[in-house]
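Subject: Structure handover

Dear colleague,

I am passing on a structure that you have not seen before, and after it you will find an account of what came out of looking through it. Please keep the two side by side while you read.

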Amino acid sequence: MADRDYVLGTHDDEIYRLGFQHRVWRPRALDAWTRARIGDGSKVIDFGAGPGFATMDLAEIVGPTGAVYAIERSRRFLDTLEAQAKARGMTQVTAHEVDISTDAIPVTNADAAWVRWVFAFLPDPKAALKKLVDALRPGGALVIHEYIDYQTWRLSPRAPNFERFVDEVVSNWRGSGGEPDIGRDLPAWLMDLGLKLESFKPHVDIVSKDDNVWRWPIGFFDIHIDRLLELNRITPQLAKDMRDEFARVSAQPGTLMVTPLVIEIVARK
Ligand SMILES: C[S@@+](CC[C@H](N)C(=O)[O-])C[C@H]1O[C@@H](n2cnc3c(N)ncnc32)[C@H](O)[C@@H]1O
């Protein structure tokens, strides 16, 4: 399947965005992995690994006696991931060019799996979840970060064009066969598959533009306006209005941003 089929693209800007996003989210991922008891020697699946930013952190945690299996469809992302692993001498990392929707997962008896912002893009996420659960050993852990309410992403004071942008993102996402708020479905599906739900956490921030976290969703805003234009989902005039309004509102002292709400799930087979 062509790389462009990933709704957010696989160009260099998207690789940079995913890297920055990982730097913002890394403390939460590390904390969740610790609670899931991922450690030295663990064999871990990074499901929908992208260019491998979390993969490299997992590789450090599991060490040379562990294994990290990066499962990803995009060849371009896997090239970045393999180059990083090679440069850092991480032989415990293996890259697997797999389309989660159509292919088998080439791993069995894994101790754990990590999934962040992947189920939301799949046409049949429940089938993918089952394949992933099948790849875990009994007692293996599943750690998930997915959106549960994307439209909490708002500015204060209100900015109608910004809200329109978020709504367009959501409808483009659904039009591409995904479901941004997939976090609402996952707990019930996990229980259907016989997993024990160990913990849940909401992750949401309210930040001013001086906060490093501000740049995480805003980086997406900048890139994705161009993407929506490319896809003819918005007009050049609307794109300009969105940018102008954002520049005006974000220049006002006291403007705050609420981030899209993520659910963290730690479950055990
Ligand atoms: C938002 S990115 C998240 C990447 C990574 N998990 C992270 O947190 O940085 C979603 C990833 O899922 C991958 N993906 C989407 N659909 C896929 C499929 N059917 N098979 C394999 N990977 C897929 C995309 O190529 C992309 O790398």
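Helices and strands are named here as DSSP runs, a helix having at least four residues and a strand at least two, and they are numbered from the N terminus. Please bear in mind that this is a predicted model.

On that basis, the protein chain has eight helices and ten strands. Its radius of gyration is 19 Å, close to the 18 Å that the globule rule gives for 269 residues, so the chain is as compact as a globular protein of that length. Taken along the principal axes, the C-alpha atoms fill a box of roughly 50 × 35 × 35 Å, and buried residues account for 39% of the 269 residues. If one takes the contacts between residues at least 6 apart in sequence, 79% of them join residues at least 24 apart.

The helix α1 (12–35) deserves a careful look. With its 24 residues, α1 reaches 33 Å from its first C-alpha to its last, close to the 34 Å expected at 1.5 Å a residue, although there is a kink of about 55 degrees at W25, shortly before the proline P27. W25 is itself among the buried residues of α1, together with E14, R17, L18, H22, A32 and W33, and the partners against which the buried residues of this helix pack are α2, β4, β5 (136–149), α7 (215–230) and β10 (261–268). Just after α1 comes R37, which takes a positive phi of about 65 degrees.

For α2 (53–62), seven of the ten residues are buried, so this helix is largely enclosed by the rest of the structure. The residues in question are F53, A54, T55, M56, L58, A59 and V62, and their cover includes α1, β1 (43–47), β2 (67–72), α3 (75–87), β3 (93–97) and β4 (110–116). After α2 comes G63, whose phi is positive, near 70 degrees.

Both of these helices also bear on the ligand, since α1 and α2 each supply at least two residues of the shell around it. The ligand is surrounded by 20 residues, of which the closest are G48, G50, R73, I100 and R116. Sorted by class, that shell consists of eleven nonpolar, five polar and four charged residues.

With best regards

Technical notes:
Residues numbered from 1 in each chain as written. Predicted model: local features only at pLDDT ≥ 70, side-chain atom pairs only at ≥ 80, totals over all residues. Rg over C-alpha atoms; globule rule 2.2 N^0.38 Å. Buried ≥ 20, exposed ≤ 12 C-beta atoms within 10 Å, placed from the backbone. Contact = placed C-beta atoms within 7 Å. Near = placed C-beta within 6 Å. Nonpolar A, V, L, I, M, F, W, Y, C, P; charged D, E, K, R; others polar. Expected span 1.5 Å × (residues − 1). Bend = angle between axes of the 7 residues up to and from the residue.
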